[in-house]
Amino acid sequence: MARRRFTSVSVSRVPDSDSDEGPAPTTERMRLDSTVRVGRRTVHSSRYLDVETSPQKRRRQHTPQPDYLVPDVAAEPDFSYASADGQPPDEEDFFAFDEGHPVDKGPRESRESDRPLNVWARYDQEQYLDELLRCEGRGDYVNQSRCAECGLAGTQEHRCRDCFTDALFCSACMVKLHADNPFHTIETWKSTHFSRNTLRAIGARLQLGHLRGERCPGMLKRTPEEVAADSKKTFCIVDHNGIHEVFIDFCVCGHAQSPMVQLLRARLYPATPLRPASAATFRVLRQFHKHSFESKCSPFEFYNALARETNNTGNFQPRNRYREFVCISREWRRLQLLKRFGRGHIVDGVRNIKAGACALLCPACPQPGKNLPFGGEWRSAPHEEKFLYAGFYAVDANFRMERKQVSSEEVDPGLNEGAAFFGEVGEYMEHVKAHWDDEQQKSTCVSHDAVNQPDRESRGTASSGIGTVDCARHNMKRPNGVGDLQKGERYINMDYMLWKSLEGYDELMLIVLSYDIVCQWSINLWPRLLSYNTEFHRRAGTGYRRWMFLVPKFHLPAHIEECNIRYSFNLTPYVGQTDGEAPERGWANVNPLATSTKEMGPGARRDTLDDHFNDWNHKKIIALGQLMLGRIQKAVAEMVEKQEELVEMEASLPEEIVKEWTKAMQLWEADATKPNPFDVREKHASLEAVRGRIANETRGARAGDAADDVRGELHASEMIEMGLRLESQQRDLGSDNAVLTAHASDGQKTTLLERRNKLARKITSWIKIQSEFQPEVARLREADDRARAEAAKSQPTTGIAVESVQLWLPSKQAKTPGSAPKPSHARYEFDMREARAHEALEEVRCLLLVRTHHYKFKDKNVFGVAKSTRSRTTIEVLDERIRREANEYRAARSAMASLAPHLNETRWALVLRDLKPEDIRAMPRALFSDPEKRKGKKRARRDKEAAEPKEMSWIWRTGMTSLGASAATSEEAAARATNESLRVEWAKARARAHRWREEVDLLEEEMRRILVFLDWKAGWWRELNGRGDVRDPGLKEGLVAYAERQAGIQEAMKQRFQSDWQDVARWIAMGREGAAASRERASAAMEGGSDEGEEEEDEDSADESLQPVPSASRNVAAVSAGFVANSLLPDA
């Protein structure tokens, strides 16, 4: 294909020697870029054309930079190869060759136009400055001698700053021309400069209560004294371009409306209904409304900006109408709320508003009577489909949104009174006072401040923050789901908000609730509920409604392990990919308001936050089209990928085991009281747990007792544990030294030297301590020194590196002829070595999973030399970490092998086997490789079987569990024991596949609900297009017009969403077919399907992640860089 594009790259001045009148003409050099593609072949070419340019453009010299990388080929398309019908081919289909080879120049050369600010600063800023200064004078009208409108000579003196033209007019024409723009700002020429003036000063008056161009007869009958008195009365108008003083003539005819009505019909909002002297235009109120949403500016900041727009020198100060503007803006917010929720279309709709009726609802969430399937069949949906009609809600508190002790409820009660997001204050405070003394239980999880110290943020404030209930999947606030917190995040506050927000949702059969302290909050939820208002009992739906309590994904790791299993979104069925963090995203939007709202009275603060929460929901609603589209695209792809991963994992496991685990998983999903498949019930003790056990067993040990294992304040087990740590540091130091030998910088050498010195001092101190516990080690160390001294006589160098110093732990003593360790010391080291071996093996498995993820990500997303190099560097560093953990395991196992005969230990070897380099490999995916290459291809060629083992390495069957091997008496019994850690990994893989499948189902249902909701909303507006008590034809038409416009907006939004989602059904069907096909292929393969007639897999399709980790680094520089970044340094 060929694509042409013109780009202006230079302007050059072309002198004309024959002309001496005026400036010489100019030409602009245009660059014609041509891109030609045929398949993978690409040709880029450029040529330059000289064309005439505007005489107003900047005359500067630009020299086009030659593109040395791109030959100037295919500048003009050749139509000699016309199509069969004799017509030239489309411009997109051109291609060109350079000596028979395609030309692809790669990234284009940098141009000046790539940095427009630099170009402007270098060439244009002087010209821009000149033009700005030119505008201070009369500019193009410097020689004007007559009024531009009436033509009267010598009267031109005024120009308007807000009109498009800079022409000068006389006073009468300026007033006439601004009859429809009375709030423009004019300037008057003072022979040398312009000075600020007003339309009022040159005689402009604004007539209200009459049609355009009419004057009120009553005003024309005024006496001279009345005219003189009226000329002293000015009216203050706040508009978007400043604060103006104007003359206003109110209608005083017999049929005249009140001044308030006359102002409102002129789109001027009066500061008071009685004898108004100030008003704000509807235009400036809309502007402030939008600015407050986006920039979070307060009325104070906005008004002061308008005052400075009026005069920024201080020589003239407009009348201060800040207090009036604050009052007007609050009333405007309230009126916009009532208008947008149809309260003006309902008789007496301004009062007696139902709780939450003026809050925007989430169209994607289940809304009974609005977007759920008609007929109620969704209530009897099968168990596995009920989650499609569940309410997903999230609860959280925000302590940034505090309020100082300013004003009171009596002085500032607020206008909304529970009509939007904040509940009705009187009812809420009655609930809080009735249960203020209820005791809040301490946390049984980690020490959650929200539970144990709920009053930590409440000192000196009237409100310590706010709590909210949000839609957990679409980040929208819930009606009546917001409330003030008096003393931190107490349960009585959060309970009320939750139950209040569920008003009108009694029909929902399943509710998924996310809360960062739900593990504590839910413990006594139902007993607390019994003490609350009986209305809340019905909201809970006990007896027919199912509740699921979960912790948001980001907050979950801070909880104890039991909570990480029991309250996980990732592991719990029927929640899709919900993360529960919706309130946190909303706080980022509302937190900038805290600086202004904390100084407000209680009512003003609630009304302001109600307005901002409605705008937050509005922005979310109008963005649902692209939001849901992006989510479904990702979800379908992930559903297929995670299903493939599950199939691949199950293919490497015995079929009977998979069936057994699947049955256990299904039982738990149906009944949460059944054993949880994600829970590792038989864990091997960690090193810290072993140390704790030994400390507990020896807590009564004293110096001189029968065991004789105490010296001063130290116990022998502590001395041995210190020795194990020193030995581990020796290995790390040796490994770091090995990888830096050929690529060491001065900084790296210094770091190693400092570590050596510190380690040498630690070992020296430890040897002194060891000598007190094991005096016989001194003899062994002396014999070792003598042997090393004899060997040094024939060696070119003497001395020993600190990482090679022998520590003579009990395991080393056990291997030395003529030496035997003390039994208690041998037992301490054996137990600690065993725990460390299991920990190292578990770390190897975790790192291998991470390594597999990196390889898959690289193969799928990484292209180009630079990115591939970075990706491989990351994997090289990861391989080094795996090798070091493997060395830790080998060292621990070797020590155990030395100590076992002295302790009569044999069963450990059935579980902790010899770790060979070929054992350190990822979990095999025996059935499939790349999904695009699976169909019609073998799993692997026979000559690759050794390089890509089919069997799972023994490390995946032995882990941080006893596996029943602790009670085993034979190798066969240990071999039959299946690793619980492997079961957990399978369960997680299955959970990932199921969560993405559920996410696709949820998104499909939510998209259906959105369209149905928009239909319902359009119909709801059309039902409100009139009001029976209205007689004014203008108001009648306004009511109908607004309702029809709102209905049209809903219908247009629905059409936009449908257009965005037109291919979604096809994507979902294709994704489900792909996931089902992978399951069918897995089933067929397990039944022994034949590979005959299939093509062989390409050589380059082998999965690198399945290869054993190299026994040595293939990229020393990469590991060296990892060392510099401290990624390989041992923990402190």
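Visitor: Which residue in β16 is the bridge partner of V512?
Guide: In this predicted model, V512 has M548 as its bridge partner in β16.

Visitor: And how do β15 and β16 run, parallel or antiparallel?
Guide: Parallel: β15, residues 510-515, is joined to β16 by five bridges.

Visitor: What is the strand order of the sheet they belong to?
Guide: The order is β14-β13-β12-β15-β16, an open sheet of five strands with mixed pairing. Strands β14 (477-485) and β16 (546-550) are at the edges with a single partner strand each, so one side of each has no neighbour in the sheet. On average, neighbouring strands are turned by 20° against each other, direction ignored.

Visitor: Which helix packs on that sheet?
Guide: Helix α11, residues 491-501, does. This helix touches β12 (391-398), β13 (465-471), β14, β15 and β16, and its direction makes about 160° with that of β14.

Visitor: Different topic. Is strand β11 buried or exposed?
Guide: Strand β11 covers residues 278-281, and both of its faces are covered. S278 and A280 are buried on one side, A279 and T281 on the other.

Visitor: Which strand pairs with β11 in the parallel sense?
Guide: That is β8, residues 235-239, over three bridges. Within this pairing, C236 has S278 as its bridge partner. Strand β10 (residues 268-270) is also joined to β11 by three bridges, but those two run antiparallel. There, L268 stands opposite T281.

Visitor: Now cysteines. How many disulfides does the count come to?
Guide: Zero.

Visitor: Why is there no bond between C170 and C173?
Guide: Their sulfurs are 3.4 Å apart, and a disulfide needs them within 2.5 Å, so the distance is too far for a bond. C173 holds the closest cysteine sulfur to that of C170. C170 itself is buried, with a relative accessible area of 9%.

Visitor: What about C253?
Guide: Its closest cysteine sulfur is in C216, at 3.4 Å, which is too far for a bond. C253 is buried, with a relative accessible area of 19%; the cut-off for buried is under 20%.

Visitor: Last topic: what is the mean pLDDT of the chain?
Guide: The mean is 82, and 80% of the residues reach 70 or more.

Visitor: Where does pLDDT stay under 50?
Guide: One such stretch is residues 960-978, for which the model has 39 contacts beyond four places in sequence. Residues 1124-1132 are also below 50, with 17 contacts in the model beyond near neighbours in sequence. Where pLDDT is low, predicted coordinates should not be read in detail.

Technical notes
Residues are numbered from 1 along each chain as its sequence is written. This is a predicted model: local features need pLDDT of at least 70, side-chain atom pairs count only at pLDDT 80 or more; totals for chains, interfaces and linings use all residues. Side-chain values use heavy atoms; hydrogens and water are left out. Buried means under 20% relative accessible area, exposed over 50%, partly exposed in between (1.4 Å probe, protein chains only). Helices (H or I, at least four residues) and strands (E, at least two) are DSSP runs, numbered from the N terminus. Two strands pair if DSSP finds at least two bridges between them. Axes are lines fitted to C-alpha atoms, for helices over the stretch in contact, and angles run from 0 to 180 degrees between N-to-C directions. Contact means heavy atoms within 4.5 Å. pLDDT is the predictor's confidence in each residue, from 0 to 100.
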